[in-house]
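Thanks for coming. I have one structure to go through today, so let me put it on the screen.

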Protein chains: 2
Amino acid sequence: MITEKYQVTIHNSLTNQKEVFKPIQKGYVGVYLCGPTVYGDPHLGHARSAITFDVVTRYFRFLGNKVRYVRNITDVGHLEDEVAEQGEDKVSKKARLEQLEPMEIVQTYTLRYREAMNQLNNLPPSIEPTASGHILEQIKIIQRILDNGWAYEVDGSIYFDLQKYSKSENYGELSGKILEELQTNTRDTEGQDEKQHSHDFALWKKAKPEHIMRWESPWSVGFPGWHLECTAMSTKYLGKTFDIHGGGMDLQFPHHEAEIAQSIGAHGCQPVNYWMHNNMITIDGAKMSKSAGNFITTEEFFAGNHPRLEQAYSPMTVRFFILQAHYRSPIDFSNSALQAAEKGFKKLINTLDILPHLSHQPKKLDEKQDTELRQLTESCYEFMSDDFNTAKTLASLFELSSKFNAFKNKQLDSSKISAETFEFAKKTFEGMLADVLGLQKEAEAENQLTDDLISLLIELRHEARAKKDYGTSDKIRDDLNTIGVQLKDGKQGTEYSY
Amino acid sequence: MITEKYQVTIHNSLTNQKEVFKPIQKGYVGVYLCGPTVYGDPHLGHARSAITFDVVTRYFRFLGNKVRYVRNITDVGHLEDEVAEQGEDKVSKKARLEQLEPMEIVQTYTLRYREAMNQLNNLPPSIEPTASGHILEQIKIIQRILDNGWAYEVDGSIYFDLQKYSKSENYGELSGKILEELQTNTRDTEGQDEKQHSHDFALWKKAKPEHIMRWESPWSVGFPGWHLECTAMSTKYLGKTFDIHGGGMDLQFPHHEAEIAQSIGAHGCQPVNYWMHNNMITIDGAKMSKSAGNFITTEEFFAGNHPRLEQAYSPMTVRFFILQAHYRSPIDFSNSALQAAEKGFKKLINTLDILPHLSHQPKKLDEKQDTELRQLTESCYEFMSDDFNTAKTLASLFELSSKFNAFKNKQLDSSKISAETFEFAKKTFEGMLADVLGLQKEAEAENQLTDDLISLLIELRHEARAKKDYGTSDKIRDDLNTIGVQLKDGKQGTEYSY
């Protein structure tokens, strides 16, 4: 099988090297992705992360693996100031402002997130656990960390003891941060006094009276720290050590660094064999994020109703735009790049239509042409296996598209290609485009067809009138009316509505 | 405001009487519905329950109330033998058979349930909590019940003490069951020995070694009893006593009876002011259910691929079919009834199209006609307010539809109706149909248009040929081909594909 020829390599953020991927269990891949904090509309940053790891998952499945893909929903514990761990819970604050139960906020934005991910053709994860649904599991991990001596309690809150941890363990190994430097650069902020050191992070916070989301624990009525949920849920559904952990680069520190410390603290082992981080989407050079306030939501992209958008961009255009860059490269938002993506996407996707009609009768084999097509096809696997290089894979798919169009237009003679190579090229093109990259025809095509059909009928009606064949022209107008299409003749020509 | 004229009455299963609905807080309504156990595809029985309480929720909102609608997902604790509380957990068993993590099963069937509910145009609930996500809350309620002396522990499992409870409390008040009779009629089954009495029900079960889903508790590593989750989640999101609890009639006993006992046991109060139970869907006289094995899934209805189905029935046809009966009446499955529903739905929904084009110039008021139309319109509110009688409301909407069609065809003279009444009738028709009953045009209409347009073009091509106008007939074929529609002439006439 062709797919076994290619070893997948992954740039591991932990070692900062490209490594051959070796799953813990052959044929099975465990993937955990940090999902959204559901207190606002999904934006392009969320889309990039979800699309990146959707493609990772799809490619492993395409190669014949079983993948358990866990993508969580953060519905509790994510405070406004992530680093200082101060301020209100993001979900609670939204609930307070909108006078709703926090879980109503969670439901609203979880639904919107799922809807957007669905529109972008991201497959749903295998498991979609929530932080608030795993309080008991989080308490258990805190207890273990306490038992192992890596955390301390102050007035009902539990903090991870980074000072102690960094003496024997390598804190900062993922992000390259050095604890001493961090400590030096941090001013003390109100309320942090109870921590022994400013970068110790909360595992459990005692709830202030105004804090709505709260649970009983052995230490206080409170809520879990933000970093803890991912350790609890990834351990529960993928094991103490699993294959791949994904997330945006901005989560490396402190979130993922804390996950490593928690796992070592609770289970004495590294949680993840391959850490993968997608780069950011920038707008005017700054990271697009909810907290920075410079984001454009997916819905705004799809509707085109944001001052920075010159037009609407369909979900598939957005997906294509994101996949045109390798996941480790930054992407800068621009209308021109999105417009180019729109054209590129249409060109590729329209090629799918010609494939079923492309007849192929091999006659005289031309070794050179045959090898060229086979190598071009194989390059799709090579690029995808090379740290999921969707940018280069798309380039190869464009070349394949040109070949198919040339076969169709007889500019190239397909009879010189062997049946095997021809079939391989076709199957790969379809598989890579639809199954791996998740690009598919959009409903717009259906509306387009309706518009094209009506335009053709209007044209025929004009021709009939020009010939004074009023029987036909009236029939067209009346029959259209019967099936619900109204024509209106005006100075600008004939308009229609339905 | 017209909507304030009508008091909603509800048949309360607890008192077995129709009562005027009085919310705990004016303008706010809390509704809890027992959602699905997610280990199989949703079927018509699930659809009925969800549609019934979707309409309850929609109507309260239509009348200007805020509704918090909680519909849970049962993902743990529902054992195969519900009454004897024996056998495997339903989700775990499916997971074992399919060699998946139980939460992968949960995700699969939760997604299918949500998708089906969405197709049926049920609005998503305000909160969609899961049983496994509320273990801590359940443990807390067990502790309270134990503290209050209503439960006992045997070897790490906790059972509700019905013998003791029924001495001072009215066990069976909802279902009319009498404990002594229940006890007499029950044979002892294996494993029930540890209960003091056979109808005591489990609050917490110690997990057997093979039981996958398990959590730590003060009593054992185990899992909550099935009845407990609804008490925990309704209390958390709606309060110790809330307005309306819904569910299928089959849940009255033992599930809802147990919920009452648990609430009284833990909080000393009735949990629910109005219990509402929808009747069953029967097939050959027997209740349609997963456990009985005689169910037809919603997907099978929509696709028409079940031996009992003569054709496919669209989601809106199924919704209309269910709403044609009052929720407290049984519905017997039959193809003829569904076919009638399909016609009825189309007639009503097509009336929506004529409303915007219905011009109205009031001239000479005819008091009798005006009053007739106003009363007919008001009857929609009267019927909906009368224990949500969708059957009678639909009948009124049909009459309104006939009026509108008669106005359109000039069989009735709309100029004799006052502007106010005319507007009231139109707004009510649209509001009741779309907002309250949740009936809407289906995408099929769009495909239908495409097919109609192509058929018209084929007809024009035949006419052109008959006239030997080959220029036009060729143009039609070629232009269709360009926009992606292929014609194929055969003995049966011209076929097309796109």
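I will go through the domains, then the contact between chains, then one sheet.

Before anything else, this is a predicted model.

Start with chain A. The domain assignment splits chain A into domain 1, residues 2-278, domain 2, residues 298-436, and domain 3, residues 444-497. Between domain 2 of chain A and domain 3 of chain A, the C-alpha centres are 36 Å apart.

Next, the contact between chain A and chain B. Chain A puts in 33 residues, and chain B puts in 33 residues. Which helices of chain A supply at least two residues each to the side that touches chain B? They are α3 (102-119), α4 (135-147) and α15 (444-466). Of the elements on that side, α15(A) contributes the most, with nine residues. As for the chemistry, the side of chain A that touches chain B has 17 nonpolar residues, seven polar and nine charged.

Now over to chain B, and a sheet. The sheet is open, has three strands and mixed pairing, and its order is β14-β13-β15. What stands at the edges? Those are β14 (286-287) and β15 (331-332) of chain B. Each has a single partner strand, so one side of each has no neighbour in the sheet.

On the pairing itself, strand β13 of chain B, residues 281-283, runs parallel to β15(B), and two bridges join them. At the residue level, I281(B) has I331(B) in β15(B) as its bridge partner.

That is what I had. Questions, please.

Key: Residues numbered from 1 in each chain as written. Chains lettered and ligands numbered in written order. Predicted model: local features only at pLDDT ≥ 70, side-chain atom pairs only at ≥ 80, totals over all residues. Domains from an automatic or database assignment. Contact = placed C-beta atoms within 7 Å. Helix = DSSP H or I, 4+ residues; strand = E, 2+ residues; numbered from the N terminus. Nonpolar A, V, L, I, M, F, W, Y, C, P; charged D, E, K, R; others polar. Pairing = 2+ DSSP bridges.
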